[in-house]
Each structure stands twice: as structure tokens, then as C-alpha cells.
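Please open the model in your viewer and keep the selection panel at hand. The stops below move from open space to symmetry, then to the DNA and finally to enclosed space.

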There are 2 protein chains.
Amino acid sequence: MTKQGETGQKPLRKGMLEKRQAILKGARAVFGREGYTRASIDAIAAEAGVSSRTLYNHFGDKEGLFRAVLLDSSVAVTTAQQELLARHFHKFRDPETDLYDMALEWIGGIETHPEHFALVRQIIPEASRLPVDVLEEWRRVGPKATQQALKEHLLAAGRAGLLAIDEENADRATRHLALFTGGAVSAESAQGALPLAPEEFERLVREGVELFLQLYGKSSGE
Amino acid sequence: MTKQGETGQKPLRKGMLEKRQAILKGARAVFGREGYTRASIDAIAAEAGVSSRTLYNHFGDKEGLFRAVLLDSSVAVTTAQQELLARHFHKFRDPETDLYDMALEWIGGIETHPEHFALVRQIIPEASRLPVDVLEEWRRVGPKATQQALKEHLLAAGRAGLLAIDEENADRATRHLALFTGGAVSAESAQGALPLAPEEFERLVREGVELFLQLYGKSSGE
DNA sequence: TAGCTATTACAACGGTCATTGTAATTTTCG
DNA sequence: CGAAAATTACAATGACCGTTGTAATAGCTA
């Protein structure tokens with residue numbers, strides 16, 4: 001138990017890092033597809049093209065692997081989402097269209113990173129069995145981090161006079177934008193479990209952005 | 001497979017019905033707590049105070065039991081929710097307070113029927129492995145039925161001149177009320193997986209109702 | 001009370017799975 | 001190249017679990 005792996009501090013040898021990432025990739029796929037309990041170590045090892053013994057040498061046990069996969073995947077997706085937000089808000093001029101384009105790609109992340117969100121869907125019912133620190137760190141590096149980035153971009157847009165947002169209402173505005181777009185999509189698709197027609201998806205996001213601008217737009221807001 | 005059980009058409013003998021309901025109750029608890037895969041037949045039988053063989057005689061196999069439990073529980077909760085809506089809208093006079101009271105108890109159903117919603121949380125990641133007809137029937141007798149009842153009450157309130165709701169916008173208004181209150185609570189509590197402080201719960205519901213009235217209230221709406 | 005039926009206790013089968021040990025083999029690095 | 005480390009194949013262990021059969025028992029109904 002105290003040998004190595006766990007949090008993976010110092011994989012020095014060359015191939016180790018590749019093996020490790022292959023395992024993480026395979027585990028993300030299988031855990032997301034099958035769920036924690038159904039996912040067998042052998043299936044993950046096969047998906048990663050690795051012996052199951054190597055997997056144990058890297059991550060200790062099944063729970064350690066799940067922990068590593070969840071956090072690794074969360075960091076990756078959060079990074080991608082933050083880059084996406086930065087890219088869209090960089091050229092933020094017209095709230096009407098720019099906010100819609102941004103939200104479309106942001107919420108579309110559910111389909112851009114299907115394995116990650118399948119993985120996240122698995123932890124919801126498993127929450128009471130998962131160590132609290134894992135849950136907390138997931139929220140911190142995942143949803144919370146993305147939300148924080150969004151909040152800062154919205155604040156910047158507010159300072160630029162493009163939205164009716166200031167330090168006072170920024171938190172609520174951020175929650176509202178997420179709720180009106182992502183929350184609406186999530187509710188309609190049973191938390192992403194059921195497929196949603198693209199037109200329906202776009203309609204929900206569009207209506208959500210319209211509602212958001214109705215509250216925080218410069219024309220009718222304030 | 002063709003012997004009996006399955007959909008349970010004719011349990012005539014006296015004690016059988018009690019056994020059946022004891023099994024459904026125990027299965028709801030264990031399935032909700034452990035999830036489909038982890039939940040063992042023996043654990044369910046023990047929780048129900050019944051031999052595992054009796055369980056098989058009633059429901060055929062594990063999947064048949066899960067199917068029966070999910071639909072039975074959904075019908076029960078939907079009935080309770082519809083009664084709740086009828087009771088509140090019966091004495092619907094002042095949108096400000098009446099709508100808040102209603103939403104508080106409605107969304108509070110997550111805590112009033114914890115086993116049911118734990119069960120529902122389990123089917124989300126399991127969706128792709130569940131027969132489509134089970135999923136469809138669940139949505140029909142569950143969320144869809146409640147949503148339909150709410151829509152009719154909102155329409156009635158609109159006809160009574162208490163809300164700015166008519167046949168044109170009733171569907172959207174219904175979705176909005178659910179999203180602003182239940183969706184907000186759901187998002188904040190990670191789909192109900194993480195506990196939410198009562199004050200936070202009430203605050204979210206209150207803000208949700210306020211926002212709803214901002215859009216569909218008679219004073220500032222229209 | 002007699003007979004039918006549901007229920008039970010018990011055992012067993014076949015399967016899956018997490019985990020570990022070991023020895024051989026491959027890979028990496030000095 | 002040669003040593004050290006990582007990886008592999010292989011097997012085994014111990015546990016859990018869904019499901020079924022069976023014979024005994026308890027409960028209901030007529």
C-alpha cells in the first residue's frame with residue numbers, strides 16, 4: 001500500500017508515463033460506460049492495452065484508479081472549457097450573438113467530452129460511497145473552477161459596459177447563465193442520459209441566452 | 001420465464017400482496033442505497049424480511065424486480081405530488097406567497113421521498129443498459145405526469161387572472177418554474193447527491209419563485 | 001379439518017471479480 | 001553492454017452473487 005503510485009509523484013522512467021496515461025484513458029472509457037462496480041479491472045487493462053498487474057503497480061487498487069481518473073479527466077476538461085471561454089470572450093462585442101455562440105460551444109462540451117461527462121454521471125449515485133475529499137476536489141477543480149472563470153469573464157464584460165453585471169450580482173448572473181442553458185439542457189435530457197435532438201439542444205440554449213440577456217442585457221436590464 | 005410474476009397480474013391469496021409490497025419496499029431501499037449492480041438479492045430479501053426464493057417467485061429475476069420497483073415507486077410519488085399541487089392550487093390567491101409555499105413543498109419532495117429519488121438517481125447512469133420501454137414508462141408516469149398536472153394548474157391560475165399564463169406560453173412557463181426552483185436546487189446539490197443546507201434550499205426556491213413571477217406575474221409580467 | 005399453495009431453509013452450481021505472488025521477459029538508462 | 005526496473009503471463013485465492021432445485025413447513029381457503 002505504501003510502495004508507490006497512489007498520487008503518482010515521480011514516474012521517472014520513460015515508458016511509465018505513457019502507460020499511465022493509457023491506463024487513465026482506458027479507465028475513463030470503461031468507468032464511464034460501465035460504472036464503477038461493473039467496470040472490471042481486466043476490461044480496463046484490455047482497453048488500455050496493458051497487463052492488469054501493471055495497473056495495480058501504478059494505482060494501488062480500483063478505488064485509487066477511479067480517484068486518479070476522475071481528477072485527471074476533470075482537470076483536462078476544465079482546462080479545455082476555460083480555454084473555450086477565454087477564446088469567446090476575447091472577441092466579445094455583441095452580447096446577442098457572441099453569448100449564444102459561447103453557450104452553444106460551452107454546453108456542447110457534454111458531447112465534446114462524452115466520456116468525461118459519462119464518468120461524472122456515474123459519481124452522482126456513488127457519492128455516498130466515495131470519500132468526501134474526492135468529491136470536494138472534483139467540484140473544486142471541475143465545475144467550481146469553470147464557474148469561477150465564467151464569472152470573471154462576465155464581470156469583465158460588465159466592466160466593459162456590455163452587460164449589466166457588477167460585483168454585486170456576478171455570482172447570481174453566473175449561476176443563472178449556467179442554469180438557463182446547461183440546466184435546461186440537462187433537465188430535458190434526464191441529466192444527459194437520454195439523447196437530445198440537435199435542434200432541441202440549440203433551441204434550449206438560444207432561449208436560455210435570451211432569458212439571460214433579458215435579465216442582464218444592457219438594453220432591458222438594470 | 002412464463003410462469004408468473006413479471007407484471008404481477010393476479011395475486012389472489014391474502015398474504016401474497018403483503019409480501020409483494022414488503023419486497024417492493026425493501027428493494028426500493030436497497031436499490032436506492034446501493035445501486036442496481038451492488039444491490040444483492042439476499043440483501044433485499046433480508047430488508048424485506050422474506051426468503052430470497054419468494055422474491056424470485058414474485059418477480060422472476062433481478063431486472064424484473066427493478067422494473068417493478070421503479071414503476072411502483074414512481075406512481076406513488078407522482079400521486080403524492082399531484083395531490084400536493086391540487087391542495088396548494090386549491091387555495092391559490094396570492095401568487096407571491098402561495099407559489100412559494102407550493103414550490104417549497106414540491107421541491108422538498110426530494111427529501112420527503114428520499115428513497116425514490118435515490119432510486120431515480122441510480123437509473124441515470126444505468127440508462128443505456130435499461131430497456132427503452134422501462135425508461136419511457138418511467139418518464140411518462142413520473143416526471144411527465146407531474147409536469148402535466150403543474151401545467152394545468154398554472155393555466156387555471158392564468159385563466160383566473162392571477163398569472164400571465166395562457167395556452168401560448170404555458171409549456172415554457174411550466175418548464176421555467178421547474179427549472180428556476182428544482183433545477184437550481186438540483187444544480188447546487190450535484191443532482192441531490194450532496195446535502196444542501198436548509199437555508200440555502202429555501203433561498204434557492206425563493207429566488208426561483210421571484211424570478212418566475214418576474215416573468216409571469218401580473219404586475220411586472222405580460 | 002383437509003388440501004392446496006405460498007413460503008422457507010438449505011445447498012449447490014457456475015460465473016465474475018479484485019487482488020496478490022511469482023518467475024520470465026522486456027525496456028530503460030548509465 | 002549490463003544492471004535495475006518495469007512489464008508481462010499465469011495461476012491461484014477468497015469472496016460475492018444470481019439463480020435454481022428440493023423437501024419441509026406454514027398459512028389460507030373451502
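How much space lies in the second largest pocket? About 430 Å³ of space lies there, where a volume is the space filled by probe spheres set on grid points that are joined across faces, edges and corners. A pocket here is an open set of points on a 1 Å grid over the protein atoms alone, with protein on both sides within 12 Å along at least five of seven lines; a cavity is a set of points where a 1.4 Å probe fits but cannot get out, and lining residues have an atom within 4 Å of a point.

Before selecting anything, note that this is a predicted model, in which local features need pLDDT of at least 70 and side-chain atom pairs count only at pLDDT 80 or more, while totals for chains, interfaces and linings use all residues. Residues are numbered from 1 along each chain as its sequence is written, chains are lettered from A and ligands numbered from 1 in the order in which they are written, and side-chain values use heavy atoms, with hydrogens and water left out.

**The pocket**

Select P114(B), A118(B), R121(B), G192(B) and A193(B), which lie nearest the centre of the second largest pocket among the 23 residues that line it. Two or more lining residues come from each of α7 (114-126) of chain A and α1 (14-38), α6 (109-112) and α7 (114-126) of chain B, where helices (H or I, at least four residues) and strands (E, at least two) are DSSP runs numbered from the N terminus. The most, 5 residues, are given by α7(B). Colouring by class gives 14 nonpolar, 5 polar and 4 charged residues, with Ala, Val, Leu, Ile, Met, Phe, Trp, Tyr, Cys and Pro counted as nonpolar, Asp, Glu, Lys and Arg as charged, and the others, Gly among them, as polar.

**The two chains**

Show chain A alone as a cartoon: its secondary structure comes to 10 helices and 0 strands, and its C-alpha atoms fill a box of roughly 60 × 35 × 30 Å, taken along the principal axes. Now add chain B, which can be laid on chain A with an RMSD of 0.1 Å by a turn of 180 degrees and a shift of 0.0 Å along the axis; the superposition is by least squares on the C-alpha atoms of residues with pLDDT of at least 70 in both copies. The two copies are therefore related as by a two-fold rotation axis. The same surface serves both, since 100% of the contact residues of chain B recur in chain A, contact meaning heavy atoms within 4.5 Å.

**DNA strand D**

Select DNA strand D and the 17 residues around it, of which S51(A), T54(A), I41(B), Y56(B) and K62(B) come nearest; a residue is near a strand if one of its heavy atoms lies within 4 Å of it. Sugar and phosphate account for 68% of the atoms of this strand that come within 4 Å of the protein. Three polar contacts (pairs of N or O atoms within 3.5 Å) can be displayed at phosphate oxygens: one at 2.7 Å from a side-chain N or O atom of K62(B), one at 2.9 Å from a polar backbone atom of I41(B), and one at 3.3 Å from a polar side-chain atom of H58(A). With 4 residues, α3(A) gives the most to the surface near this strand.

**DNA strand C**

Move to DNA strand C, which 19 residues surround, the closest being I41(A), Y56(A), K62(A), S51(B) and T54(B). A polar side-chain atom of R53(A) lies 3.2 Å from a base nitrogen of the strand, whereas a backbone N or O atom of A39(A) lies 3.0 Å from a phosphate oxygen. From chain B, a polar backbone atom of S51(B) is 3.0 Å from a phosphate oxygen of DNA strand C. By class, the surface near this strand has 5 nonpolar, 6 polar and 8 charged residues.

**The cavities**

Hide the DNA and turn to the enclosed space, where a search of the whole structure finds 2 cavities of 30 Å³ or more. About 160 Å³ of space lies in the largest cavity, and T37(A), E126(A), T37(B), Q122(B) and E126(B) lie nearest its centre among 17 lining residues. Its lining has 4 nonpolar, 6 polar and 7 charged residues. Finish at the second largest cavity, with about 40 Å³ of space, by selecting E63(B), F66(B), R67(B), L130(B), P131(B) and V134(B), which line it.

Technical notes
Polar contact = N/O pair within 3.5 Å; in protein donor to acceptor, adjacent residues only side chain to side chain.
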